[in-house]
Amino acid sequence: MPTEGAATREPTPHVAAEDAREYALHGLAMACAAGGMAHQVRNPLNAMALQLALLSDKIGTHREVLDACAGNLARLQDQIGRVDEVVRRFVEAAEPAGGSGLDAGRLAEDAAALFGPEARRRHGAIEVRVEAPGLRARGDGARAGRLWMGLVWRALEEAGEGGEVRLSAAPDGAEVVLSLEHPRASPPRSPAWMAEAAAAAARALGGRLEEKVAGGVARVALRLPAEAR
Amino acid sequence: MRYRLLIVDDEADGRDALAELAQRWGYEVLTAGDGTEALRRAIEWHPDVLLTDLVMPNMDGLWLLRALRAELPDVPVLLLTGRGTVQTAVQAIKEGAYDFIEKPLDPSRLRMVLERALEKKETMREVQLLRRSLAAMAPGTDLIGQGPTMHEVVELVKKVAASNASVVVTGESGTGKEVVARAIHGLSPRKDKPFVALNCSAIPATLIESELFGYERGAFTGAEQRRLGNFEMAHGGTLFLDEIGELPLEMQGKFLRVLEERRLRRLGGKGEVEVDVRVLCATNRDLREETRAGRFREDLYFRLHVFTIRLPPLRDRKEDIPLLVQHFIGKFAGETGKHVHGATPAAMEVLQAYGWPGNIRELRNTVERAMILVDGDMIGEEHLPPDMRPRGGGAGEAPLRLSEGLRLKEVEKQYILSSLRRNRGNKARTADQLGISEKTLYNKLHRYAARARAQAGDGGPDDLEAGEDAEG
C-alpha cells in the first residue's frame with residue numbers, strides 16, 4: 001500500500017472503478033483480437049520470408065548479383081524478424097500464455113519494448129535492466145503477465161509527460177522481483193482500486209506487491225516465489 | 001529420387017512461394033487450399049511428407065492430421081501456424097504430428113526439418129521391413145515364407161533338426177534345398193560344428209571318392225600331401241550332398257558303408273578314421289524311380305529316406321513372392337548402397353503373375369538385375385526382364401490381390417485406388433478403364449476422403465452411405 005500521499009485520489013478520467021468491468025471486458029476482447037491480428041500479420045510475413053528465400057535462391061546462381069544484393073537481402077530478413085518479434089510481444093502481452101511459471105526478464109523486456117514508443121511520444125522513456133537472464137518465477141504465468149503489464153501501464157500513466165520509467169528483473173533470495181521506478185504525482189493519477197487490485201493479484205500468485213513513494217518517486221516491487229533451479 | 005511433398009495452406013501467397021521453393025530443393029510438390037482437398041490428394045497421391053497450416057477453413061490442420069493418421073499412418077505431418085502456443089504444439093505432437101513450426105518460416109530450418117522427417121520415415125520403413133522379414137523368417141533359419149506350404153516345411157525342419165536322422169530334401173532346381181539343409185543344421189545340436197556342402201553333379205565321377213573321403217600322400221600321381229575329404233571336414237557337423245542322384249553307382253556302396261559304420265578309409269590309406277557326421281541330401285530326381293531303374297541303390301535309398309522334405313516350386317507359393325522380393329531387395333541394397341524400398345504394385349503384379357521355372361534362384365537373379373537398373377527408390381515394371389512382362393495388356397491385367405473377408409465396398413475402393421496408381425493418377429484414363437464416368441470416379445474418391453475424415457472424428461456433414469447409388 002502507498003506510504004505517502006494520503007490526500008483523496010481522483011480517478012483518472014478513463015478508468016473509473018465503475019468502468020473497470022467494461023474495461024476488463026474490452027481487455028478480454030482485445031486479447032482475442034490480438035490472436036487474430038497475429039494470424040493476419042504472420043501470413044503475409046511468411047509469404048515475404050519465402051519470397052525472399054526464393055529470391056536469394058534464384059540470384060544465388062549469379063555470384064556478382066548475389067554479392068551485390070547480400071546486404072539488402074539480409075536487412076530485409078532482419079526486418080521480417082523484427083516485425084515478427086513485435087507481433088510476438090504484443091500477443092504475449094495481450095494474452096499471456098497460461099501454464100506454470102514465467103520468464104521474468106523476458107516479461108520486463110517485452111513490456112519495455114511495447115510501451116517504449118508511447119513513452120517517447122510523451123517525451124519520456126522506459127529503461128529496462130535484467131540482472132539474471134532466464135530468471136523464472138513460479139505461479140500462474142498468464143495472471144502474472146496480466147498483472148505486470150497492468151503495473152507498467154499504470155507506471156507510464158503516473159509518470160506523466162516527460163516521465164521516465166525504470167523496469168528491472170532481479171533475484172532476491174527465494175524470490176524474483178519485478179520492479180518499477182517512476183515519478184508519481186501527489187495525489188497519484190491512478191485510482192486507489194488499481195493498487196488494491198494489483199496487491200490482491202500478487203497475493204493470489206503467492207507473492208506480494210510493495211509500493212513505496214519518496215521524493216515524488218514511486219518504487220513498486222512485485223515479489224514472486226522463484227522457481228527452484 | 002524426388003520425394004513428394006503435399007503443402008496445405010489456405011493462404012495462396014505463402015503456399016505458392018513455399019511450393020516453388022520446395023521444388024527448387026528437389027521435391028515433387030502438390031498443393032491444397034484446405035484440409036478436405038488435402039485429404040483427397042493425399043489418398044490419391046501418397047506424399048512422402050505433408051506440410052499443413054493449422055488454421056484453415058473447413059477441415060483444419062489438426063483434423064487433417066487425425067484423418068491422415070487413420071488413412072496414411074506412415075506419412076509425417078508438419079504443422080505450420082501463424083500463432084503457436086505451447087498447448088497447441090503439445091496437442092499436435094500428441095496427435096502424431098512430426099513437428100510444429102511457426103510462421104514466418106525460416107526456410108533453412110524448414111528444409112532441415114523436412115529432411116529429418118523423411119529420414120525418420122525411411123528409418124521407420126526399414127524397421128518395418130526388417131520386422132516383416134524377421135516375422136516371415138523361421139527363427140534361426142533363412143527360410144522365408146508365410147504361406148501354408150512353407151509353414152509345413154518350417155514345422156518339419158524344426159522337428160527333424162533336433163534328431164540325428166538323415167533327411168532328403170526334394171524340389172525343383174532353385175527352390176532352396178540347400179537353404180533348408182542349412183536351416184536343419186542351424187537348428188540342430190550340431191549348429192556350432194561345420195556344415196559342409198558338396199554338389200555331386202559338379203564333381204567328375206573320377207574325383208568324387210577323393211572329394212568325399214580324402215586321400216593320403218602318394219595315393220595317386222599328384223597326391224603330394226594328405227587331403228581330408230568332405231566327410232572328415234564335416235566331422236561333428238553336417239554334410240550336405242546336393243544332387244545325390246548323380247552319385248555314381250559304384251560310389252553309392254562306399255557311401256552307404258560309411259553311413260552305416262561311421263568309419264571311412266582315405267584313398268591310399270591303411271587305417272580307418274571314425275567320423276561323426278549327419279548327412280542331409282537333396283535331389284530334384286525321383287529317387288524311387290531311379291531305384292526302380294537300377295540307377296540308385298535301394299538300401300541307400302531306404303537308409304537316407306528317414307525323412308523327406310518336399311519343397312514346393314515358387315509358382316505354388318506365390319503368396320511368398322513379396323516377402324522374398326523384399327528380402328532380396330534388402331540384401332542387394334546393402335551390397336549396392338542403393339536406397340531401394342520395394343517394388344511398385346504394378347511390378348509386384350508382374351512378379352506374381354510369372355511362372356518362375358527357375359524358382360527362387362531366378363527370382364533372386366531378377367531382383368539383382370532390377371537393383372542394378374533402378375535409379376529411384378522403387379523397382380518398377382521397366383526394371384524387369386522384358387520377357388517376364390505379359391504381352392499386350394501389361395501388368396494391369398494381373399489380378400488384384402485382396403485379403404479374404406473384405407466388404408464389397410472395401411474391395412471396390414482398393415480396386416479403384418490400385419487402378420488409379422497404375423494409371424499414375426490419370427483420372428480420365430482410370431475412369432475409362434473402370435467403365436465409369438470421371439464424375440463417378442471423383443465422387444468415389446471424394447467419399448473415400450470423407451470417410452477417412454469421419455474416421456478421424458470429424459463426424460462431417462456427409463451421410464456417407466446416402467446417395468451411394470446416385471452417382472453420375
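The overall make-up of the two chains is described here, followed by their contact surface, cores and selected local features. The structure is a predicted model.

Chain A contains 5 helices and 7 strands. Read from the N terminus, the order of its elements is α-α-β-α-β-β-α-β-β-α-β-β. Of its 229 residues, 32% are buried. Contacts in chain A are mainly long-range: 77% of those with a separation of 6 or more involve residues 24 or more positions apart. Chain B comprises 18 helices and 16 strands. Its length is 472 residues, and 38% of them are buried. In chain B, 69% of the contacts between residues at least 6 apart in sequence link residues at least 24 apart.

The two chains touch. On one side are 19 residues of chain A, and on the other 17 residues of chain B. Two helices of chain A, helix 1 (20–59) and helix 2 (63–94), each provide at least two residues of the side that touches chain B. Helix 1 of chain A gives the largest share of that side, with 14 residues. By residue class, the chain A side consists of 10 nonpolar, 6 polar and 3 charged residues.

The nonpolar interior was examined next. The largest nonpolar core holds 98 residues. Trp148(A), Val152(A) and Leu78(B) have the most contacts inside this core. Residues of both chains are thus named among its best-connected members. Helix 4 of chain A, residues 141–159, makes the biggest contribution to this core, with 9 residues. A separate core of 67 residues also exists, and it includes Ile144(B), Val157(B), Leu311(B) and Leu314(B). The surroundings of Leu78(B) were listed without residues up to four places away in sequence. Leu78(B) then touches Val49(B), Leu51(B), Ala97(B), Tyr98(B), Asp99(B), Ile101(B), Val113(B) and Ala117(B).

One of these partners, Leu51(B), also takes part in strand pairing. Strand 1 of chain B, residues 4–8, is mostly covered, with 4 of its 5 residues buried. This strand runs parallel to strand 2 (residues 28–32) of chain B, and 5 bridges join the two. Within that pair, Ile7(B) faces Thr31(B) of strand 2 of chain B. The connection from strand 1 to strand 2 of chain B passes through helix 1 (residues 12–24) of chain B, giving a right-handed β-α-β crossover. Strand 1 of chain B also pairs with strand 3 (residues 49–53) of chain B. This second pairing is again parallel, over 4 bridges. Here Ile7(B) lies opposite Leu51(B) of strand 3 of chain B. Ile7(B) therefore has a named partner in strand 2 and in strand 3 of chain B, by the pairing criterion of at least two bridges between strands.

Two helices of chain B were considered individually. Helix 3 of chain B covers residues 61–71, and 8 of these 11 residues are buried, so the helix is largely enclosed by the rest of the structure. The buried residues are Gly61(B), Leu62(B), Trp63(B), Leu64(B), Leu65(B), Arg66(B), Ala67(B) and Leu68(B). Arg66(B), a charged residue, is thus among the buried residues of helix 3 of chain B. Helix 10 of chain B has 13 residues, 249–261. At 1.5 Å a residue it should span 18 Å, and its end C-alpha atoms lie 19 Å apart, which agrees. Arg262(B) comes just after helix 10 of chain B and adopts a positive phi of about 55°.

Two single residues complete the account. Ala108(A) sits in helix 3 (residues 104–121) of chain A. Ala108(A) counts as buried because 23 other C-beta atoms lie within 10 Å, against a cut-off of 20 or more. Beyond its neighbours within four places in sequence, Ala108(A) contacts Val128(A), Val130(A), Leu167(A), Ser168(A), Ala169(A) and Leu178(A). Arg129(A) is 21 residues from Ala108(A) in sequence, and their C-alpha atoms are 8.1 Å apart. Arg369(B) belongs to helix 15 (residues 359–373) of chain B. With 15 other C-beta atoms within 10 Å, Arg369(B) is partly exposed. Its C-alpha atom is separated by 7.7 Å from that of Leu384(B), 15 residues apart along the chain.

Key
Residues numbered from 1 in each chain as written. Chains lettered and ligands numbered in written order. Predicted model: local features only at pLDDT ≥ 70, side-chain atom pairs only at ≥ 80, totals over all residues. Buried ≥ 20, exposed ≤ 12 C-beta atoms within 10 Å, placed from the backbone. Contact = placed C-beta atoms within 7 Å. Expected span 1.5 Å × (residues − 1). Core = buried A, V, L, I, M, F, W, Y, C linked by C-beta atoms within 7 Å. Right-handed = clockwise from strand over helix to strand, strands pointing away.
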